[in-house]
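Could you walk me through this model in my viewer, one selection at a time? I would like to know what to pick next and what I will find there.

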Amino acid sequence: ILLSGGNPPLGWRCIHSSGLDVALRAAHARGAVLVGISAGAMHIGTHVYSSREWDAEAPPGGVLATPTLGLLPFFFGAHEEENAWRASRAAIASIANECDAADNDTAFTPFIALGLPFDSGVTVHEDGSVSPIGRRDVPILGSYCGLTGDGSLTSKHIDSTSAASGC
């Protein structure tokens with residue numbers, strides 16, 4: 001199943017409001033392979049993000065992060081290599097702050113944030129390993145957020161410019 005690119009928040013609103021998110025989760029559970037390109041990768045991952053530049057619902061001067069399918073434990077930023085992944089990093093910080101402010105009854109999906117440059121991407125294998133594909137390195141941008149074994153919240157913020165060479 002191919003999820004194409006485009007406007008990430010608008011695409012997610014269409015997927016969610018039409019009920020396609022339920023069908024995609026069911027197809028994935030039955031073993032369907034999902035391929036996401038650009039915004040489509042965001043939809044398969046944990047969140048889409050938007051800035052006021054392309055989404056009127058985003059806060060002025062800020063970034064809005066919205067949970068998506070969550071079929072992979074990755075937050076994908078796309079095509080921001082020219083501005084050092086500014087909106088992606090702001091979205092990651094927003095999600096991490098939400099995690100830090102939450103109570104212990106709130107479940108968060110742990111994730112790693114990856115930047116997908118133009119001409120590049122990743123393959124996520126069945127065992128959860130990641131291999132970069134394309135012409136450019138795939139930087140690790142992000143945060144991990146989740147519950148510890150005893151049910152308490154933990155967050156680990158990563159601010160890295162290292163490139164994924166097979167996570």
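Start on the outside: select Leu 2, Val 33, Val 35 and Ile 37, which together make a nonpolar surface patch of about 370 Å². Keep in mind as you look around that this is a predicted model.

Now narrow the selection to Val 35, a residue of strand S2 (residues 35–36). Is Val 35 buried, partly exposed or exposed? Its relative accessibility is 40%, and exposed would need over 50% while buried would need under 20%, so Val 35 counts as partly exposed.

Next, pick helix H2 (residues 20–29) and show the side chains of Asp 21, Leu 24 and Ala 27, which are buried. Look down the axis of H2: the buried residues line one face of the helix, because they fall within an arc of 125°. To see what they pack against, add strand S1 (2–3) and helix H1 to the view. Then turn to the face of H2 that points away from the buried side, where you will find Val 22 and Ala 29 exposed. Just after H2, stop at Gly 31, whose phi is positive, at about 105°.

Finally, go inside. The largest nonpolar core has 32 residues, and the members that touch the most others are Tyr 49, Phe 75, Phe 76, Leu 114 and Val 122. Colour the elements that each give two or more residues to this core: helices H1 (8–18), H3 (39–44) and H4 (86–101), together with strands S3 (47–51), S4 (63–67), S5 (74–78) and S6 (112–116).

Technical notes. Residues are numbered from 1 along each chain as its sequence is written. This is a predicted model: local features need pLDDT of at least 70, side-chain atom pairs count only at pLDDT 80 or more; totals for chains, interfaces and linings use all residues. Side-chain values use heavy atoms; hydrogens and water are left out. A nonpolar core is a set of buried Ala, Val, Leu, Ile, Met, Phe, Trp, Tyr and Cys residues joined through side-chain atoms within 4.5 Å. Buried means under 20% relative accessible area, exposed over 50%, partly exposed in between (1.4 Å probe, protein chains only). Helices (H or I, at least four residues) and strands (E, at least two) are DSSP runs, numbered from the N terminus. Patches are made of residues with over 30% relative accessible area and no salt bridge: like charges are joined within 9 Å, nonpolar side chains (Val, Leu, Ile, Met, Phe, Trp, Tyr) within 5 Å. Accessible areas come from the Shrake-Rupley method with a 1.4 Å probe; for residues, only the protein chains shown count as cover. A salt bridge is a side-chain nitrogen of Lys or Arg within 4 Å of a carboxyl oxygen of Asp or Glu. The arc is that of the directions from the helix axis to the C-beta atoms. Contact means heavy atoms within 4.5 Å.
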